[in-house]
Amino acid sequence: MLITHDTRCALDTVVDLVNTAPEDDTAADGLPDVATLADFVRNHQISDVGVLSEFDLSAVRKIRGRFAAVFAAPDARTAARLINDLVAAAGTTPRLTDHDGYDWHVHYFAPGASIADHLAADCGMALAFFVVAGEQERLRRCEAPDCRRAFVDLSRNRSRRYCDSRTCGNRLHVAAYRARRKEAAG
């Protein structure tokens, strides 16, 4: 599956956005205020964003939950319905653009769109490409028991199980190794 630069950026953005959601009622929100949202926008180099407000923060948190539902979708039909709703609500307006040193690519948000509509349109379309390609199962959650972070499995054989092999994957492998050694020692 060919993934263009702008699609990859949108995928990274949507994964990072979904992962700002608190895991449960005791965890802190990764987007606690407008300043953090502004940092998120800057760190992900999201273009054409004006001054952010509390309204923007609330709207982004709402679409974050809708994106999380896409990662939890049990099948492509459900994912497609969720993505269609997101993209339609954003008032998608595809247009070619070349900015900030990047070659021609497509933006799906309307000029002057809110940050929530911008994310819903561009990130929704990036996820839509996976459904269209029959690759919806690549939109995953980490299989580590104490981690449910979202990620996109871009491995060649669709075998990635953890959000980060150096943290979650390694931690589980070490625990399994220690359990085997303990059992063998009897």
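Here are three short exercises on the predicted model above, each with a worked solution. Residues are numbered from 1 along each chain as its sequence is written. Because the model is predicted, local features need pLDDT of at least 70 and side-chain atom pairs count only at pLDDT 80 or more, while totals for chains, interfaces and linings use all residues; side-chain values use heavy atoms, with hydrogens and water left out.

**Exercise 1. Helix 1**

Work out how the span of helix 1 fits what's expected, and find what its buried residues pack against.

Step 1: Get the terms straight. Helices (H or I, at least four residues) and strands (E, at least two) are DSSP runs, numbered from the N terminus. The expected span of a helix is 1.5 Å times one less than its number of residues.

Step 2: Look at the span. Helix 1 covers residues 5-18, so 14 residues, and reaches 20 Å from first C-alpha to last, close to the 20 Å expected.

Step 3: Pick out the buried residues (under 20% relative accessible area; exposed is over 50%, partly exposed in between, with a 1.4 Å probe and protein chains only). Among them are Thr7, Ala10, Leu11 and Val14.

Step 4: See what they pack against. The partners are helix 2, helix 3, helix 5 (115-132), strand 3 (139-141) and strand 4.

**Exercise 2. Leu57**

Find where Leu57 sits, and say whether it is buried or exposed.

Step 1: Locate Leu57: it's in helix 3.

Step 2: Check its accessibility. Leu57 counts as buried because its relative accessibility is 2%.

Step 3: List its contacts (heavy atoms within 4.5 Å). Leaving out residues up to four places away in sequence, Leu57 touches Leu31, Pro32, Asp33, Val34 and Leu37.

**Exercise 3. Two unusual phi angles**

Compare Asp48 and Arg158: which loop holds each residue, and how accessible is each?

Step 1: Recall the background. Most residues other than glycine have a negative phi.

Step 2: Check the angles. Asp48 has a positive phi of about 60° without being a glycine, and Arg158, not a glycine either, also has a positive phi of about 60°.

Step 3: Find the loops. Asp48 lies between helix 2 (34-43) and helix 3 (54-72), while Arg158 lies between strand 4 (150-152) and helix 6 (165-185).

Step 4: Read the accessibility. Asp48 is partly exposed because its relative accessibility is 47%; Arg158 is partly exposed too, at 35%.
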